[in-house]
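Here are some short exercises on salt bridges and model confidence. Have a look at the structure first, then work through the steps at your own pace.

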Amino acid sequence: VLTTVCMLLLGLFSGMLIGPKEEPEQVPTPDPEGEMAGVLSVLPAARVEFHVSFEACGHEVIALGNENLAGKTREEAEKAYPGWMLRTFSGNEVVFEKTLKGYCPKHYVLRLTGGELGVYRADETTYEEKRLMVLDFEEAAFDSAERAELESGVAFDDLNGVNAYLESAES
């Protein structure tokens, strides 16, 4: 009986030594490209850019974002910025883009709207066109072609260009 007990104990200890060892659970860490457990996500130091193209003048404005997208997946980043198209997505770089119909903030736009002649400019943050001033004008100073052009908007790089245009129309 003693021999049988010794053999059972020896077999038990041998099985424990030879049997499979359980690995400790490893916590996934992002690799240098921001991929964690097979899902690409944004790293904390990633560069975030917003590209806005303006159809009227053809210019593009690039704004650096200070948004914290760290740890976000592509889907989460897209949901965070509705109305923007996600052009580039990696752990190190995220680029959103949007196209607007108007002029970029570098231009002053002279426009005839509802019988008022005004100077407009896109806001540098929201890119919404805002009226800067309303100008007095003589309707007779502009022929029908010029009025049609002013209704769609005439762009200038500075207010001196607006003044020169108005002075030439008055003469």
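**Exercise 1.** Work out how exposed the partners Arg-87 and Glu-97 are, and what their side chains form.

*Solution.* Start with Arg-87: its relative accessibility is 41%, so this residue counts as partly exposed. Next comes Glu-97, which is also partly exposed, at 22%; the cut-off for buried is under 20%. In this predicted model, the two side chains meet in a salt bridge, at 3.1 Å from N to O. Finally, place them: Arg-87 belongs to strand S5 (residues 85-89) and Glu-97 to strand S6 (residues 93-100), ten residues apart.

**Exercise 2.** Find which of Glu-129 and Arg-111 is buried and which is partly exposed.

*Solution.* Glu-129 has a relative accessible area of 37%, so it is partly exposed. Arg-111 has 14%, which makes it buried. The closest N and O atoms of their salt bridge are 2.3 Å apart. Because Glu-129 sits in strand S9 (residues 129-135) and Arg-111 in strand S7 (residues 108-113), the pair ties together parts 18 residues apart in sequence.

**Exercise 3.** Locate the salt bridge between Glu-78 and Arg-74 within its helix.

*Solution.* The N to O distance is 3.8 Å, within the 4 Å cut-off. Both residues lie in helix H2 (residues 74-80), four residues apart, so about one helical turn separates them. Glu-78 is partly exposed at 36%, and Arg-74 is partly exposed at 36%.

**Exercise 4.** Where is confidence lowest, and where is it highest?

*Solution.* The chain's average pLDDT is 83. The lowest mean, 48, belongs to strand S1 (residues 35-36), and the highest, 97, to strand S10 (residues 154-156). Over residues 22-36, pLDDT is below 50.

Notes. Residues are numbered from 1 along each chain as its sequence is written. This is a predicted model: local features need pLDDT of at least 70, side-chain atom pairs count only at pLDDT 80 or more; totals for chains, interfaces and linings use all residues. Side-chain values use heavy atoms; hydrogens and water are left out. pLDDT is the predictor's confidence in each residue, from 0 to 100. Helices (H or I, at least four residues) and strands (E, at least two) are DSSP runs, numbered from the N terminus. Contact means heavy atoms within 4.5 Å. Buried means under 20% relative accessible area, exposed over 50%, partly exposed in between (1.4 Å probe, protein chains only).
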